[in-house]
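Biologist: Please take a close look at a single part of this model and describe its surroundings in a connected way. I would value a formal account that proceeds from one residue outwards.

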Amino acid sequence: MGNVIPQRTLKNAIGCCGTGLHTGDKVMMTLRPGEPNTGIVFIRTDIPGAQATIAASWKNVSDSHLSTTLKNDPGIVVGTVEHLLAALAGCRIDNAVIEISGSEVPIMDGSAAPFVFLIECAGITEQAAARRMIMVHKPISVDKKDGRVSLNPGTGFSIEFVIDFPNPTVSRQEYYFAHVDGAFKADLARARTFGFEHEVIEMRTAGMLRGGSLDNAIVVSGERVLNEGGLRYGDEFVRHKILDCLGDLYLAGAPLLGHVQGLRSGHKLNHQLLRALFADADA
């Protein structure tokens with residue numbers, strides 16, 4: 001039994017409040033300890049009864065446009081879950097209950113760092129149940145026009161990503177992340193979501209990004225980063241894509257053992273990768 005890794009949850013409950021990136025709504029959110037083998041579960045405190053519960057599962061993904069939205073059978077949604085899920089994955093939290101007073105996780109500063117801070121403040125405790133892992137047995141890959149993402153067998157968990165934008169500020173970036181202790185907090189957690197000024201204007205016109213600002217996203221205009229203080233990492237853009245991918249893949253329901261390779265991938269391909277993995281019994 002010496003090599004059994006125990007499941008982990010939060011030691012205490014901890015709360016925060018913030019603004020939804022797309023809705024612009026103020027929300028209250030509380031992270032609470034979860035029972036062994038229950039995984040990550042969202043509960044909408046503004047919705048009565050059992051229909052308020054939404055499991056963080058790939059089966060519940062309802063929208064992948066710009067962010068990850070989950071929806072349960074009664075049709076209740078919670079959106080922009082990926083940065084919080086990345087923090088939970090990065091801090092190796094297996095079980096947690098996330099109570100939230102609205103339909104979107106607060107964007108905070110656009111990265112996962114504020115959620116890591118909350119988790120560390122709440123404390124982490126080991127549980128009397130063995131952690132389950134999902135072992136990848138054979139390569140699985142999905143692609144679209146110019147992007148692809150694949151999952152290959154591996155002993156630990158790692159993500160390698162390449163992005164390539166026609167914009168000179170972002171251009172081509174690549175980064176390799178191995179999920180070992182401390183690496184998420186040091187190398188990925190602070191990487192913020194990003195967008196281009198012309199896209200921001202279009203999305204605002206379409207009624208989206210109501211809560212977006214330079215306080216919670218990197219905005220690129222031509223060859224300039226509009227944020228005061230510039231970038232947190234020279235290759236912050238690709239690091240954030242890996243952060244998103246880690247959060248999306250945590251919807252597998254347990255940590256994956258494998259190596260992910262992404263080329264110009266995004267939320268949609270990340271979710272399709274999980275669907276393809278679970279659709280293939282040999283994988």
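Modeller: Leaving aside residues up to four places away in sequence, T193 touches H83, G110, N216, A217, I218 and H240. The model is a predicted one, and T193 lies in the loop between α3 (183-188) and β16 (194-196). Its relative accessibility is 16%, and T193 therefore counts as buried, the cut-off being under 20%. The C-alpha atoms of T193 and V219 are separated by 8.9 Å, with these positions 26 residues apart along the chain.

One of the residues touched by T193, H83, leads to a helix packing. Helix α1 (residues 82-90) packs against helix α2 (residues 113-122) with the axes 8 Å apart and at an angle of about 45°. The two helices α1 and α2 are therefore oblique to each other, and their crossing is right-handed. On the side of α1 the contact is made by H83, L84, A87 and L88, and on the side of α2 by F115, V116 and I119. Of the residues in this contact, six are nonpolar, one is polar and none is charged. H83 thus appears both among the residues that T193 touches and in the contact of α1 with α2.

The loop that holds T193 runs up to β16 (194-196), and this strand leads to the aromatic residues. The structure holds five aromatic pairs. The rings of W58 and F278 form a stacked pair, because their planes are at 5°, with the centres 4.8 Å apart. W58 is in the loop between β5 (53-55) and β6 (61-63), whereas F278 is in helix α6 (residues 267-279), 220 residues apart. W58 counts as buried, at 18% relative accessibility, while F278 is partly exposed, with a relative accessible area of 33%.

The pair formed by F165 and F196 is tilted, with 50° between the planes and 5.5 Å centre to centre. F196 belongs to strand β16 and F165 to the loop between β14 (157-164) and β15 (172-178), so this pair ties together parts that are 31 residues apart in sequence. F196 is buried, with a relative accessible area of 8%, whereas F165 is partly exposed at 25%. Ring pairs also link F165 and F196 with F194 and F237 into a cluster. Strand β16 therefore follows the loop of T193 and contributes F196 to the tilted pair with F165.

Conventions
Residues are numbered from 1 along each chain as its sequence is written. This is a predicted model: local features need pLDDT of at least 70, side-chain atom pairs count only at pLDDT 80 or more; totals for chains, interfaces and linings use all residues. Side-chain values use heavy atoms; hydrogens and water are left out. Axes are lines fitted to C-alpha atoms, for helices over the stretch in contact, and angles run from 0 to 180 degrees between N-to-C directions. Helices (H or I, at least four residues) and strands (E, at least two) are DSSP runs, numbered from the N terminus. Angles under 35 degrees count as roughly parallel, over 145 as roughly antiparallel, 65 to 115 as roughly perpendicular and the rest as oblique. A crossing is left-handed if the near helix is turned anticlockwise from the far one by less than a right angle, and right-handed if clockwise. Contact means heavy atoms within 4.5 Å. Ala, Val, Leu, Ile, Met, Phe, Trp, Tyr, Cys and Pro count as nonpolar, Asp, Glu, Lys and Arg as charged, and the others, Gly among them, as polar. Buried means under 20% relative accessible area, exposed over 50%, partly exposed in between (1.4 Å probe, protein chains only). Rings of Phe, Tyr and Trp (its six-membered ring) pair if their centres lie within 6.5 Å; planes under 30 degrees apart count as stacked, over 60 as edge-to-face and the rest as tilted.
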